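Here are some short exercises on a protein and its ligand. Try each task yourself before you read the solution.

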Amino acid sequence: MRVLVTAASKHGATAEIADAIANKIRESDITVDRVLPETVLAVDAYDAVIIGSGVYAGHWLAPARSLVDHHAAALAQRPVWLFSSGPIGDPPKPAEELVEIAPMMERIGARGHRIFPGRLDPTTLGLVERAVTAALRAPHGDYRDFTEIRAWAAEIAAALKPAAVGA
Ligand SMILES: Cc1cc2nc3c(=O)[nH]c(=O)nc-3n(C[C@H](O)[C@H](O)[C@H](O)COP(=O)(O)O)c2cc1C
């Protein structure tokens, strides 16, 4: 069994979530390729695919959206899970589902979508991003919950390989 875990990340928070998901799934003796979405040429070699993106102004980043667009037909033929890394603060905001996710899920028959709280580190932001987040009074900090993230990855591993999982 071979699984692709790929995520678009501007400032690294989503990439680290994808790493944690990949590592958790590997614990079930599943082979995981953890690569950037822009380097994916085909998904035919994979038994399942997990695609994530950081959220910016309510949207997924372009490399993750393009991956789904370019490989929609092949993705529709295998189990796919999606995740987004975005909301920040306690409680995390914004809390709404992203508008583009439902049609994307329907198109590729995705099994699920999880929104994980993200990280906002002002030292990594450009001038415009800093101005936007300041205007929105967005709280700085790392709101990612790696216990929750690993639990979701374990659910996926269990769905793919029920006998092998010790979550
Ligand atoms: C300019 C800017 C706009 C953002 N817009 C949103 C948004 O619309 N919705 C959301 O949930 N998070 C938003 N975020 C929060 C980021 O998506 C979050 O911090 C995420 O974890 C960043 O992922 P990355 O480090 O992988 O790029 C925004 C962050 C910045 C800097």
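**Exercise 1. Find the site.** Which pocket does the ligand take up?

*Solution.* Keep in mind that you are looking at a predicted model. The ligand takes the space of the largest pocket.

**Exercise 2. Describe the shell.** Which residues come nearest to the ligand, and which helices and strands each supply at least two residues of the shell?

*Solution.* Step one: the ligand has 20 residues around it, and Ser9, Thr14, Val55, Tyr56 and Arg119 come nearest. Step two: helices H1 (13-26) and H5 (127-135), together with strands E3 (48-56) and E7 (119-120), each supply at least two shell residues. Step three: sorted by class, the shell holds 9 polar, 8 nonpolar and 3 charged residues.

**Exercise 3. Look for polar partners.** Which polar atoms of Lys10, His11 and Ser85 lie by an oxygen atom of the ligand?

*Solution.* Begin with the backbone: a polar backbone atom of Lys10 is 2.8 Å from a ligand oxygen, and one of His11 is 2.9 Å from a ligand oxygen. Ser85 uses a polar side-chain atom instead, 2.8 Å from an oxygen of the ligand. On its own the ligand has 650 Å² of accessible area, and the protein covers 90% of that.

**Exercise 4. Judge one residue.** Is Ser85 buried or exposed?

*Solution.* First, place Ser85: this residue is in strand E5 (residues 80-85). Next, take its relative accessible area, which is 6%. Buried means under 20%, so Ser85 counts as buried. Finally, check its side chain, which makes a polar contact of 3.4 Å with the side chain of Thr14.

Terms used:
Residues are numbered from 1 along each chain as its sequence is written. This is a predicted model: local features need pLDDT of at least 70, side-chain atom pairs count only at pLDDT 80 or more; totals for chains, interfaces and linings use all residues. Side-chain values use heavy atoms; hydrogens and water are left out. A residue is near a molecule or strand if one of its heavy atoms lies within 4 Å of it. A polar contact is a pair of N or O atoms within 3.5 Å; within protein, one must be able to donate a hydrogen and the other to accept it, and residues adjacent in sequence count only if both atoms are side-chain atoms. Accessible areas come from the Shrake-Rupley method with a 1.4 Å probe; for residues, only the protein chains shown count as cover. On a 1 Å grid over the protein atoms alone, a cavity is a set of points where a 1.4 Å probe fits but cannot get out, and a pocket is an open set with protein on both sides within 12 Å along at least five of seven lines; lining residues have an atom within 4 Å of a point. A molecule sits in a cavity or pocket if more than half of its atoms lie within 2 Å of its grid points. Helices (H or I, at least four residues) and strands (E, at least two) are DSSP runs, numbered from the N terminus. Ala, Val, Leu, Ile, Met, Phe, Trp, Tyr, Cys and Pro count as nonpolar, Asp, Glu, Lys and Arg as charged, and the others, Gly among them, as polar. Buried means under 20% relative accessible area, exposed over 50%, partly exposed in between (1.4 Å probe, protein chains only).
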